[in-house]
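Please look over the sequence and the model shown here, and keep both in view while reading. The paragraphs that follow move from pockets to the whole chain and then to single residues.

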Amino acid sequence: MATEIATIPLQPGVDLEDPQSAAGKVLENTFKVLREQDGYQRAYHGRQVENPNIWQLLIDWDSVDAHKKFMTQPSYEPFAKHLMSIIDDDIQSLLHAHLSPHPPSAALTSPVTEMITHYFSADISKSELSSFESSMEEFFRCLEENAEGFKGYAGGWVVEEVEHEDVEGKAKSWQSCLGWQSVEAHMAFRETKHFKDNVHLIRPDFKRAITVHHTKFTEV
């Protein structure tokens, strides 16, 4: 199982929310074509809260290869061309992650999802990888047991090596998706003793960078 994660800048004024608009019809066609593909499971999409001109599209596939096979099909070129008609410049990033639990619906169908990406040097040791995974599992348990308004989580390593300005060379990354009742619920938890006592779990000494934003996803 794999989840495609596309981060897409939209052209100014694009109205994805109106199904009768030009952009709404592009969106309808996008999901129609996706549903016809072997290995497609489901999709989630939405605008970032902090930057509404950034649209995120997450797609669950049977495997990374299932997505790559779709990209070789005759239907892919017109599909991509149609989608590009609402995109400003180019897709910011197109990655795949092995998120657990799968499907990541509990996190991505919440009213809002906190998207945390950790970046590490590509030469991170196996012991550091294992330590980080254990720490994230502990932090997820803390959220489930103590965070009011927390709805669910999914997390896992990104398949591709990536780039980040604070990491020299290629970076390895981990994607966490944390579902909340609201951005305010997330912000309120950050002020609690439970968060302050456990925040070290998501800020290991060997991390190189971390980014956080919120997205309001809709499942297709």
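What volume does the second largest pocket have? In this predicted model, the second largest pocket has a volume of about 180 Å³. Its lining is made up of 17 residues, and those closest to the centre of the pocket are Glu-4, Tyr-76, Phe-79, Leu-83 and Ile-91. Two or more lining residues of this second largest pocket come from each of β1, β3, α2 (64-70) and α3 (76-84), and the largest share, 5 residues, is supplied by α3. Sorted by class, the lining of the second largest pocket holds 15 nonpolar residues, together with 1 polar and 1 charged residue.

The largest pocket encloses about 410 Å³ of space. It is lined by 20 residues, of which Thr-7, Ser-93, Thr-117, Tyr-119 and Thr-211 are the closest to its centre. The strands β1 (2-9), β3, β4 (93-97), β5 (112-121), β7 (171-180) and β8 (209-215) each contribute at least two residues to the lining of the largest pocket, and by class that lining has 11 polar, 8 nonpolar and 1 charged residues.

These pockets belong to a protein with 7 helices and 9 strands. Along the principal axes, the C-alpha atoms of the protein fill a box of roughly 50 × 35 × 30 Å. The radius of gyration of the protein is 18 Å, which agrees with a compact globule, because a globule of 220 residues would have a value near 17 Å. Buried residues account for 50% of the 220 residues, and, among contacts between residues at least 6 apart in sequence, 80% join residues at least 24 apart.

Turning to single residues, Val-33 is a part of helix α1 (residues 22-35). Val-33 counts as buried because its relative accessible area is 11%, where the cut-off for a buried residue is under 20%. If neighbours within four places in sequence are left aside, Val-33 is in contact with Phe-70 and Phe-79; Phe-79 is also one of the residues closest to the centre of the second largest pocket. The C-alpha atom of Val-33 is separated by 34 Å from that of Ile-210, which lies 177 residues away along the chain.

Gln-48 sits in the loop between β2 (40-47) and β3 (54-61). Is this loop residue buried or exposed? With a relative accessibility of 11%, Gln-48 is counted as buried. Its side chain is joined to the side chain of His-213 by a polar contact of 3.5 Å. Beyond its neighbours within four places in sequence, Gln-48 is in contact with Thr-7, Ile-54, Gln-56, His-213, His-214 and Thr-215, and Thr-7 is among the residues closest to the centre of the largest pocket.

Thr-215, one of the contacts of Gln-48, lies in strand β8. Thr-215 is classed as buried because its relative accessibility is 0%. A polar contact of 2.8 Å links the side chain of Thr-215 with that of Gln-56, and Gln-56 is in turn listed among the contacts of Gln-48. Not counting residues up to four places away in sequence, Thr-215 touches Gly-46, Arg-47, Gln-48, Val-49, Gln-56, Val-112, Thr-113 and Met-115.

Methods: Residues numbered from 1 in each chain as written. Predicted model: local features only at pLDDT ≥ 70, side-chain atom pairs only at ≥ 80, totals over all residues. Heavy atoms only, no water. Helix = DSSP H or I, 4+ residues; strand = E, 2+ residues; numbered from the N terminus. Buried < 20%, exposed > 50% of the residue type's maximum accessible area, 1.4 Å probe, protein only. Polar contact = N/O pair within 3.5 Å; in protein donor to acceptor, adjacent residues only side chain to side chain. Contact = heavy atoms within 4.5 Å. 1 Å grid on protein atoms, 1.4 Å probe; cavity = no way out; pocket = protein on both sides within 12 Å on 5 of 7 lines; lining within 4 Å. Points joined across faces, edges and corners; volume = space filled by probe spheres on them. Nonpolar A, V, L, I, M, F, W, Y, C, P; charged D, E, K, R; others polar. Rg over C-alpha atoms; globule rule 2.2 N^0.38 Å.
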